[in-house]
Protein chains: 2
Amino acid sequence: MRHTHNEQAPPIPLTSRDNPRIKQLRRLAQAGGVDRRAGLMWVEGDHLCAALLARAGVPVALVSTPAGLAWVETWRRQNGLDPAVPVWTVTPALMRHISALESPAPIACLARVPAQPTWQGDAPAVVLDRLQDPGNVGSILRSASAFGVRQIVALRGTVALWSSKVLRAGMGAHFHLHILEGCEPGDLHALRVPLLATSSHHGQWLHEADLPWPCAWLFGHEGQGVQAALQAQAALTVRIAQPGGEESLNVAAAAAICLHASVEAR
Amino acid sequence: MRHTHNEQAPPIPLTSRDNPRIKQLRRLAQAGGVDRRAGLMWVEGDHLCAALLARAGVPVALVSTPAGLAWVETWRRQNGLDPAVPVWTVTPALMRHISALESPAPIACLARVPAQPTWQGDAPAVVLDRLQDPGNVGSILRSASAFGVRQIVALRGTVALWSSKVLRAGMGAHFHLHILEGCEPGDLHALRVPLLATSSHHGQWLHEADLPWPCAWLFGHEGQGVQAALQAQAALTVRIAQPGGEESLNVAAAAAICLHASVEAR
């Protein structure tokens, strides 16, 4: 009765906070939305759920309020949905209990964190060096996806890429990308393309630089920039001319400009 | 005794939540940090306070924990500080009571919202059409400042530019800019430079476009883009080639790319 693939009877929503599934979901959602040890993540909202279903395959479960079931049925009809995927129907109050959002979505997925992909040594990449702000990281993933750089390498100390905040800021870009997390600077030897570092105060001017392609762009910590050990490995360091007289670009803004310049240099 | 310009005696911090000043500060900080009617804003953290003091003149008051007084004294010694500016010293617990941040800063300012500047019809501008996300708006202000576009026009429906979240994301850029808020689309006739709209799905390719300078860039709502009435006023609509095959750029990333392209076109 609780699964919408029984089309005959409307499902009876779960209401109890003591249900072990609900407890698990709430723990996960409230702890940033990703549990690396269990390999599980909480993906909330129709846009992200659609991106996950379209690209990342079969979730552990769909979680829906009664209002969200229409979306699930439309998706099932238009795109198909593995009948083995359970749909857990919950009351809106229970969704509010689970979700960490102020305005919870009517639909969410419990899903497995995608397996770490293998390194693609000859492919372009974006390397994130200890970036802290989920909005910045999500924006950079969107820019990388827009400009066709699919390999993302997050060094240890970077915010968790599959966390809810980064997923939301990424607007589905995650599911188009090959994401390697928890990497060490030494791992970058697997990349056989030139490393390009960005700096706010030294290096060649981006608009004058002869950019190699493919390449791997290094983007650094919001306050500290790219760490010295990585700067030293870079084939080229570039900086963006800022005629306004301030060193004031946000790292995700700088990344967008660099990735766009790379596209033009192809 | 409570003012640090009495250098002889260390100030006795305020402790009472019932102090009318403290009530006012808390109300302001908890309500997003700006009170348009009273013309007051809450500016928190040493970086923003320094930008305000350096550029925007005399705050109503400095608010400091005992730990923040060293910063105030250093600022006073190195940059001067109008002796008429009171320093209200508060206990760390009281600062936590006032502040809306999880980790309140030791130093903040109560300041007047800068007066709306006059339109500069011939100067370049950035027009914000109902942008909602404080991080995006702050990032765009930083990019505008970096690339020397000082006139910012926020149309009604855009997030409050002097609110705490936008101030934080702006990292001090606000104090280098001429910010006009609460404008209507009809007001844009005051701009005598060409309006350039951005679109995700039509217009000239940015990398092929002949960009006029000076110009006014229009950046639109995160979901809806630039409204049709403004698109119609634009001398040129441009879009950014996204060979990754997704329309996935964040608006602040797109703005950075457009403003950077404008600099190259000068």
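**Exercise 1. How far apart do the C-alpha centres of domain 1 of chain A and domain 2 of chain A lie?** Then work out how the two domains meet.

*Solution.* Keep in mind that this is a predicted model.

Step 1: Find the two parts. Chain A splits into domain 1 (20-112) and domain 2 (125-265).

Step 2: Take the C-alpha centre of each domain. The centres of domain 1 of chain A and domain 2 of chain A are 30 Å apart.

Step 3: Look at who touches whom. Domain 1 of chain A brings 14 residues to the contact, and domain 2 of chain A brings 11 residues.

Step 4: Put an area on it. Interface size is often given as the accessible area lost when the parts come together. Here, domain 1 and domain 2 of chain A bury about 1,100 Å² between them, with 66% of that on carbon and sulfur atoms.

**Exercise 2. Count the salt bridges between the two domains of chain A, then track down the pair A:R36 and A:E181.**

*Solution.* Step 1: Get the count. Between domain 1 and domain 2 of chain A there is 1 salt bridge.

Step 2: Now zoom in on the pair. The side chains of A:R36 and A:E181 form a salt bridge, with N and O 2.5 Å apart.

Step 3: Place both partners. A:E181 sits in strand β8 (residues 178-183) of chain A, while A:R36 sits in the loop between β1 (34-35) and β2 (40-44) of chain A, so this pair ties together parts that are 145 residues apart in sequence.

Step 4: Step back to the whole model. Over all chains, the count comes to 10 salt bridges.

**Exercise 3. Describe the interface of chain B and chain A.**

*Solution.* Step 1: Count residues. Chain B puts 29 residues into the contact, and chain A puts in 29 residues.

Step 2: Read off the area. The two chains bury about 2,200 Å² between them, and 58% of it falls on carbon and sulfur atoms.

Step 3: Check for salt bridges. Across the interface of chain B and chain A, the tally is 0 salt bridges.

**Exercise 4. Where does the second largest pocket lie, and what lines it?**

*Solution.* Step 1: Start with size. The second largest pocket has a volume of about 360 Å³.

Step 2: Go to the centre. The lining has 16 residues, and the closest to the centre of the pocket are B:A100, B:L101, B:E102, B:K165 and B:R168.

Step 3: Sort the lining by type. You get 7 nonpolar, 4 polar and 5 charged residues.

Step 4: Match the lining to elements. In chain B, β2 (40-44) and α6 (164-170) each supply at least two residues, and α6(B) gives the most, with 4 residues.

Step 5: Settle the location. Domain 1 (20-112) and domain 2 (125-265) of chain B both give residues to the lining, so the second largest pocket lies between them.

**Exercise 5. Find the backbone oddities at A:P214, B:P214 and A:R130.**

*Solution.* Step 1: Recall the usual picture. Most residues other than glycine have a negative phi, and most peptide bonds are trans.

Step 2: Check the prolines. The peptide bond from A:W213 to A:P214 is cis, with omega near 0 degrees. In chain B, the bond from B:W213 to B:P214 is cis too, with omega near 0 degrees.

Step 3: Locate them. A:P214 is in the loop between β10 (204-205) and β11 (216-220) of chain A. B:P214 is in the loop between β10 (204-205) and β11 (216-220) of chain B.

Step 4: Turn to phi. A:R130, a residue other than glycine, has a positive phi near 60 degrees. A:R130 belongs to the loop between β6 (125-129) and α5 (134-146) of chain A.

Technical notes: Residues numbered from 1 in each chain as written. Chains lettered and ligands numbered in written order. Predicted model: local features only at pLDDT ≥ 70, side-chain atom pairs only at ≥ 80, totals over all residues. Heavy atoms only, no water. 1 Å grid on protein atoms, 1.4 Å probe; cavity = no way out; pocket = protein on both sides within 12 Å on 5 of 7 lines; lining within 4 Å. Points joined across faces, edges and corners; volume = space filled by probe spheres on them. Nonpolar A, V, L, I, M, F, W, Y, C, P; charged D, E, K, R; others polar. Domains from an automatic or database assignment. Contact = heavy atoms within 4.5 Å. Buried area = accessible area lost by both parts, 1.4 Å probe. Salt bridge = Lys/Arg side-chain N within 4 Å of Asp/Glu carboxyl O.
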